[in-house]
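Please consider the following chain together with its three-dimensional structure. The paragraphs below move from a single side chain to the overall architecture, the salt bridges and the principal pocket.

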Amino acid sequence: MAVTPASDEFIAPEINSFGQSFRDYNAESERQKSVEEFYRLNHINQTYDFVKKMREEYSKLNRVEMSIWECCELLNEVVDDSDPDLDEPQIEHLLQTAEAVRKDYPNEDWLHLTALIHDLGKVLLLPKFGGLPQWAVVGDTHPLGCAFDEAIVHHKYFKENPDHNNPSYNSKYGIYSHGCGLENVMMSWGHDDYMYLVAKENGSTLPQAGLFIIRYHSFYPLHKSGAYEHLMNKEDEENLKWLQIFNKYDLYSKSKVRIDVEKVKPYYLSLIDKYFPEKLRW
């Protein structure tokens, strides 16, 4: 479905709220040092076996029962240590992203809602969801079960990952085959895969492109650098077009512009009602 955005389309700014380029992982600052330490832990600990265990554990969806909006409000308690561009509560970012998308794509209501909920899986950081460490919840994602591509940020730390020296996992295809489809690829565990699981298992009627955005929006090695394209199938290629549209808003709408939550809340509640059940298992 080809869509033309509104004429006064959102223009991505050049710098983030810290006065540096977006996703600049080399800029010298205290924030950058903590981001690098985050990726060191992430790259050492995210193994194929770890992800398999997390998927099995969280697919039970037996921790909490609540609505999408309740989860949005819970996210106010979360700050993402892996993000070099943002140090504000997450709900601000969700609404900034959703409102920017809504302005340019007014008829694609599923995309507005996808923008609102794409980061809800970050509640994994909170105690009632398991209180997982940051390295198991946020940050860029990448496949497990095949070689770690050099496009992955702070790639050097993979040397200490047990999968790095496993001959079953350290070739270009590893355990996969050409065009096998991303749905068959084990991705590093985090908020993307968790929220996808919650949406799918609770019977969301979001289109496939929406679910794809939720599941792969942190897969920057693919949508920024073109890594791992050999694992994609035709459906992935179509969905990737929407992810690349979305990504511009996800990345660059992180600004100091405040959103009037109460003003926009009724609109988003109507979308939640359209695409989700009233209560979800998490």
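Does Glu-57 count as buried, partly exposed or exposed? In this predicted model, Glu-57 has a relative accessibility of 27% and counts as partly exposed, because the intermediate class lies between 20% and 50%. The side chain of Glu-57 forms a salt bridge with that of Lys-60, with an N to O distance of 3.1 Å. Lys-60 is likewise partly exposed, at a relative accessible area of 47%.

Beside Lys-60 in the numbering stands Leu-61, which belongs to the loop between helix 2 (48–58) and strand 1 (65–66). Most residues other than glycine have a negative phi. Leu-61, however, has a positive phi, near 45°. The relative accessibility of Leu-61 is 5%, so this residue counts as buried. A second non-glycine residue with a positive phi is His-154, where the angle is near 55°. His-154 is placed in the loop between strand 2 (143–144) and strand 3 (186–187), and it is buried, with a relative accessible area of 12%.

The overall architecture may now be set out. The chain contains ten helices and four strands. Read from the N terminus, the order of elements is α-α-β-α-α-α-β-β-α-α-α-α-α-β. Of the 282 residues in the chain, 56% are buried. The accessible surface comes to about 12300 Å², and carbon and sulfur atoms account for 48% of that area. Among contacts between residues at least 6 apart in sequence, 80% join residues at least 24 apart.

Helix 5 illustrates the buried part of the chain. Nine of its nine residues are buried; among them are Asp-109, Trp-110, His-112, Leu-116 and Ile-117. The last two of these lead to Trp-69, a residue of helix 3 (residues 68–74). Trp-69 is in contact with Leu-116, and, beyond its neighbours within four places in sequence, also with Val-261, Lys-265, Tyr-268, Leu-269 and Ile-272. Between Trp-69 and Ile-117 the C-alpha to C-alpha distance is 9.0 Å, although 48 residues separate the two in sequence. Trp-69 has a relative accessible area of 6% and is therefore buried.

Which residue forms a salt bridge with Asp-109? The partner is Lys-274, at an N to O distance of 2.8 Å. This pair links distant parts of the chain, since Lys-274 is in helix 10 (residues 261–275) and Asp-109 in helix 5 (residues 109–117), 165 residues apart. Asp-109 counts as buried, at 15% relative accessibility. Elsewhere, Arg-55, Asp-193 and Arg-215 are joined into one network by salt bridges that share partners.

Across the whole structure, a search finds 13 salt bridges. One of them brings together the side chains of Lys-156 and Glu-36, with 3.3 Å from N to O. Lys-156 lies in the loop between strand 2 and strand 3 and Glu-36 in helix 1 (residues 30–45), so this pair ties together parts that are 120 residues apart in sequence. Both partners are partly exposed: Lys-156 has a relative accessible area of 46%, and Glu-36 one of 23%.

The final feature is the largest pocket. Rolling a probe the size of a water molecule over the atoms shows where empty space is left. The volume of the largest pocket is about 220 Å³. Which residues of its lining lie nearest the centre? They are Glu-183, Tyr-196, Gln-208, Arg-215 and Glu-235, out of 13 lining residues. Arg-215 thus appears both among these residues and in the salt-bridge network with Arg-55 and Asp-193.

Three helices each supply at least two residues of this lining, namely helix 6 (191–201), helix 7 (208–216) and helix 9 (234–252). Helix 7 gives the most, with five residues. Sorted by class, the lining comprises five nonpolar, three polar and five charged residues.

Definitions and conventions. Residues are numbered from 1 along each chain as its sequence is written. This is a predicted model: local features need pLDDT of at least 70, side-chain atom pairs count only at pLDDT 80 or more; totals for chains, interfaces and linings use all residues. Side-chain values use heavy atoms; hydrogens and water are left out. On a 1 Å grid over the protein atoms alone, a cavity is a set of points where a 1.4 Å probe fits but cannot get out, and a pocket is an open set with protein on both sides within 12 Å along at least five of seven lines; lining residues have an atom within 4 Å of a point. Grid points are joined across faces, edges and corners, and a volume is the space filled by probe spheres set on the points. Ala, Val, Leu, Ile, Met, Phe, Trp, Tyr, Cys and Pro count as nonpolar, Asp, Glu, Lys and Arg as charged, and the others, Gly among them, as polar. Buried means under 20% relative accessible area, exposed over 50%, partly exposed in between (1.4 Å probe, protein chains only). A salt bridge is a side-chain nitrogen of Lys or Arg within 4 Å of a carboxyl oxygen of Asp or Glu. Contact means heavy atoms within 4.5 Å. Accessible areas come from the Shrake-Rupley method with a 1.4 Å probe; for residues, only the protein chains shown count as cover.
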